[in-house]
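Subject: Structure for you to look at

Hi there,

Here is the structure I promised to send over. Have a look at it first, and then read on for what I found in it.

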Amino acid sequence: MGRFATGVTIVTVDLDGEVHGMTANAFASVSLDPMLVLVCVDHTTRTHAHLHAKKRFGINVLAEDQQAISEYYARTERTHENAEVEAGARFERTQHGTPKLQGALAYLECRLRSSQDAGDHTIFIAEVEDVVVREGEPLLFFRGKYRKVGEEVDK
């Protein structure tokens with residue numbers, strides 16, 4: 001799967017007033033009407049249990065200058081308290097209290113619709129209730145390394 005280039009997201013959830021999150025690149029659009037997305041989460045992550053419990057989360061599409069944030073939330077031993085100091089991650093709250101990463105290329109406010117076990121992961125399908133986008137370029141991941149968007153391909 002390392003040969004498949006992906007964007008990079010941070011899944012965020014509020015738990016007792018604290019921001020919890022994880023890096024995810026197994027993210028995709030499912031439907032436009034209604035607007036549905038999916039994210040696949042390993043059963044062993046702390047975020048997995050939080051998504052089941054809260055049923056509301058954010059998907060933050062990372063901009064090309066947010067690699068440190070991706071690396072921070074990809075570490076299994078991280079604690080959420082040090083995100084701003086160690087990686088520069090700052091969050092605002094939506095009207096539902098969901099953490100929204102400042103500077104993200106896009107933010108999707110999601111409400112869990114269904115979940116399906118799939119091997120060592122769960123596929124979470126959520127309805128998108130709000131979308132915020134800004135200009136910029138995405139952070140990409142390919143063959144185990146972070147990348148930037150290159151030149152357009154000629155026709």
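**Overall picture**

Of the 155 residues in the protein chain, 37% count as buried (buried is under 20% relative accessible area, exposed is over 50%, and partly exposed is in between, with a 1.4 Å probe and protein chains only). Before you go further, please keep in mind that this is a predicted model: local features need a pLDDT of at least 70, side-chain atom pairs count only at pLDDT 80 or more, and totals for chains, interfaces and linings use all residues. Residues are numbered from 1 along each chain as its sequence is written, and side-chain values use heavy atoms, with hydrogens and water left out.

The protein chain has 3 helices and 12 strands; these are DSSP runs numbered from the N terminus, with helices being H or I of at least four residues and strands E of at least two. The C-alpha trace spans about 45 × 40 × 30 Å along its principal axes. The radius of gyration is 15 Å, which agrees with the value near 15 Å for a compact globule of 155 residues (it is taken over C-alpha atoms, and the globule rule is 2.2 Å times the number of residues to the power 0.38).

Contacts between residues 24 or more positions apart make up 63% of those with a separation of 6 or more, where contact means heavy atoms within 4.5 Å. On the outside, the protein chain exposes about 9000 Å², and carbon and sulfur atoms supply 50% of that (areas come from the Shrake-Rupley method with a 1.4 Å probe, and for residues only the protein chains shown count as cover). There are 18 positive and 24 negative charges, and their mean positions are 3 Å apart. Lys and Arg count as positive and Asp and Glu as negative, while His and the chain ends are not counted; each charge is placed at NZ of Lys, CZ of Arg, CG of Asp or CD of Glu.

**Helix H1**

Helix H1 covers residues 46-54, and its buried residues are Thr47, His48, His50 and Leu51. Seen down the axis of H1, these fall within an arc of 165°, so they line one face of the helix (the arc is that of the directions from the helix axis to the C-beta atoms). As a reminder, an α-helix has 3.6 residues a turn, so residues three or four places apart point the same way. The cover over this face includes strands E2 (9-15), E3 (18-24), E5 (35-42), E6 (56-61), E9 (106-118) and E10 (121-133).

Two histidines of H1 are worth finding in the viewer. His48 is buried at 11% relative accessibility; leaving aside residues up to four places away in sequence, His48 touches Val41, Asp42, His43, Thr122 and Phe124. His50 is buried too, with a relative accessible area of 13%, and with the same neighbours in sequence left out, His50 touches Val13, Leu15, His20 and Lys55.

**Helix H2**

Which residues of helix H2 (residues 67-74) are buried? They are Ile69, Ser70, Tyr72 and Tyr73. These residues cover an arc of only 160° around the axis, which puts them on the same side of H2. They pack against E2, E3, helix H3 (83-87), and strands E7 (91-93), E8 (99-101) and E12 (145-147).

Tyr73 has a relative accessible area of 3% and is buried. Its C-alpha is 7.3 Å from that of Ile10, although the two are 63 residues apart in sequence.

**Backbone details and the start of the chain**

Most residues other than glycine have a negative phi, and most peptide bonds are trans. Here are some places to check against that:

- Lys55, in the loop between H1 and E6, has a positive phi of about 65° although it is not a glycine. Lys55 is partly exposed, at 44% relative accessibility.
- Arg143, in the loop between strand E11 (140-142) and E12, has a positive phi near 50° and is not a glycine either.
- Asp33 and Pro34 are joined by a cis peptide bond, with omega about 0°. Pro34 is in the loop between strand E4 (27-32) and E5.

Finally, Met1 sits in the segment before strand E1 (6-7) and is exposed, at 86% relative accessibility. The C-alpha atoms of Met1 and Gly103 are 28 Å apart, and the two residues are separated by 102 residues along the chain.

Best wishes
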